[in-house]
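Here are a few exercises to work through with the model open beside you. Try each task before you read its solution.

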Amino acid sequence: MEMPPLLDNTGIIFIFLYLFSLIGVGLMGHFSKKENNLGDFYLAGRGMGGFVLFLTLYATQYSGNTMIGFSGRAYRQGFTALVTVTFMCAIIGLYFIYAPKLHALSKKFSYITLGDFIQHRFKSTKLTVFISVISIIALGNYILTNLKAIGFLIHGATGGQVSFIQAIIVLSLIMVIYETLGGMRSVAWTDMIQGVLLLLGVITIFIIIYIHYGGIHSISTKLEEMRPEFWSPPNWEEKRLWLSTILVVSIGVSVYPHAIQRIYAAKNSNILRNSMQLMIFMPFVTTLFMVIVGIVGASEIEGLNRSSSEQISIFLLVNLAQQIPGISWLIIIFLSAVIAAIMSTVDSALLAISSTVTQDLYHKVKPSVSQSHLLLFGKSISWLIMLIAVILAIKLPQTIWQLFQIKLELLCQIAPAIFFGVHIKSISSKSIYIGLILGTFISLFIMVGNWSGLPIPVKPLGIHAGLWGLIINCISIYIRNEYEKSRKVIFR
Amino acid sequence: MKRNILYSLAVILNVLTVPWLFVSDNTHTLGGFPLWALYSIVSTFIYAIIISYFLRNYWSFSASEEGLE
């Protein structure tokens, strides 16, 4: 389905003004710094208040996928896309298991990165480095896929007036400038703006589409004729896949290193607890709304393929703007919200990589260097990573693009180190290390094996590769732990 | 309540949000939603309320030093 340019010159100017205003926010973050050290730069001085914390958690957790991917999925799969609402809630359910204790530990021992906790808990540099490398790869892939998405979006929305390459370069520059100006403070403050924009965007678009096209109730008869498969409950295999999706996404996302840094950055436990209490209800006004928009879209527009269906919200808005002149501002709001959602996730991932490389890798090699030296190194790393990401997003051949989509499968494997590490004192670094290697190997073997043509299904028995890896990971940890316990009894 | 029971409950409630009991001949609707889809939304909302309650009342308990063992 062909689409006219969504933005006229006024729209393009509005969006670019908004984007450049983020640099101003970055400058505010720079002038608000209290100390010249890593804790102040990467964790905003560990003093993040309730309002900022909630909005930065919200903006970071909901990426462009919420605005584009979830409604596209609902367009294609119907009501089974409701799994997205559940897994977004389940992420907070998993935080409940480890965040209270990790937050308390971070205050006591001044952690800056996930690696700080791993090193302190397991006293193993080998394990810390391995987990840091997995985090960097997963976050790097995240940045790359989001940069590509934003490039295509702006190129399409401006009807080619801004090219794919120009869009990626300009947006990356803006993000890296405000990030290196004020670190977490700038990122969290820009997240506030982006979070508000995202929430307002989703709610406005949902209400307008709901009013104009009618809700699920008014379209259900039409939709029942057009897409009868939407009404059948999932069969046993689909239900297994449903559960597997909830587990793999919620476990992977709950251990995002940039989300963990926000747990450290909260001013106190009450503020963190209140933010999470509010966060658990956000899928009902964000994810659920976009799923309903996708289902309404399926009753209005037929025959979109996979990539076109990702733009179903935009198609509905364009239709609406053609019928009701004067509401083209809705398209600007929607696009601003998508851009905000993508940027708030990319800048947080960039900051997390920069802190991981600086604190968990470089600082270990050069333990005696000053804080200002580390800060300078961290900022340089941000620029370097962004440069590499931009080059890869522009130049990467499509044939190896699949490799860069492995994120959650890898992150799932580091979850036992956090969940068990926080609560179970007897688990050793060796158990976690062996489990991590086995889990990572199994996940990659299934995924890469499938892509390279081996007779391995991408989701054996309807279960994601990352979950198979995690199951083997946990079994291995259990066996090793029992073995270590029995040896202790023998030698006592 | 023991900590491992509390965490197991959080996980089990999550597993229950999958519409396990709805079979293919069940295509009744309510408010435009198929019943199984409505079940997924409502059960997820109940899950959210319970986790919110856990966060409010068991945060300090979850943060305390005693391990699961």
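**Exercise 1. Place A:Gly160 and say whether A:Gly160 is buried, partly exposed or exposed.**

Step 1: A:Gly160 sits in the loop that joins helix H7 (125–157) to H8 in chain A; helices here are DSSP runs of H or I with at least four residues, numbered from the N terminus.
Step 2: With a relative accessible area of 36%, A:Gly160 is partly exposed, given that buried means under 20%, exposed over 50%, and partly exposed in between (1.4 Å probe, protein chains only).
Step 3: From A:Gly160 to A:Gly115 the separation is 45 residues in sequence and 43 Å in space, C-alpha to C-alpha.

A word on conventions: this is a predicted model, in which local features need pLDDT of at least 70 and side-chain atom pairs count only at pLDDT 80 or more, while totals for chains, interfaces and linings use all residues. Residues are numbered from 1 along each chain as its sequence is written, chains are lettered from A and ligands numbered from 1 in the order in which they are written, and side-chain values use heavy atoms, leaving out hydrogens and water.

**Exercise 2. Find which residues A:Ser186 is in contact with, leaving aside neighbours within four places in sequence.**

Step 1: Look in helix H8 (residues 164–213) of chain A, where A:Ser186 lies.
Step 2: A:Ser186 counts as buried because its relative accessibility is 0%.
Step 3: Taking contact as heavy atoms within 4.5 Å, the partners of A:Ser186 are A:Val25, A:Gly26, A:Gly29, A:His30, A:Tyr178 and A:Leu181.

**Exercise 3. Do the analogous search for A:Ser476.**

Step 1: Helix H20 of chain A holds A:Ser476.
Step 2: A:Ser476 has 13% relative accessibility and so counts as buried.
Step 3: Beyond neighbours within four places in sequence, A:Ser476 touches A:Ile434, A:Gly435 and A:Leu438.

**Exercise 4. Describe the contact between chain B and chain A.**

Step 1: Chain B brings 44 residues to the contact, and chain A brings 44 residues.
Step 2: About 4000 Å² is buried between the two chains, with carbon and sulfur atoms giving 72%; buried area is the accessible area (1.4 Å probe) that two parts lose on being put together, summed over both.
Step 3: Count the salt bridges (a side-chain nitrogen of Lys or Arg within 4 Å of a carboxyl oxygen of Asp or Glu): between chain B and chain A there are zero.

Terms used
Helix = DSSP H or I, 4+ residues; strand = E, 2+ residues; numbered from the N terminus.
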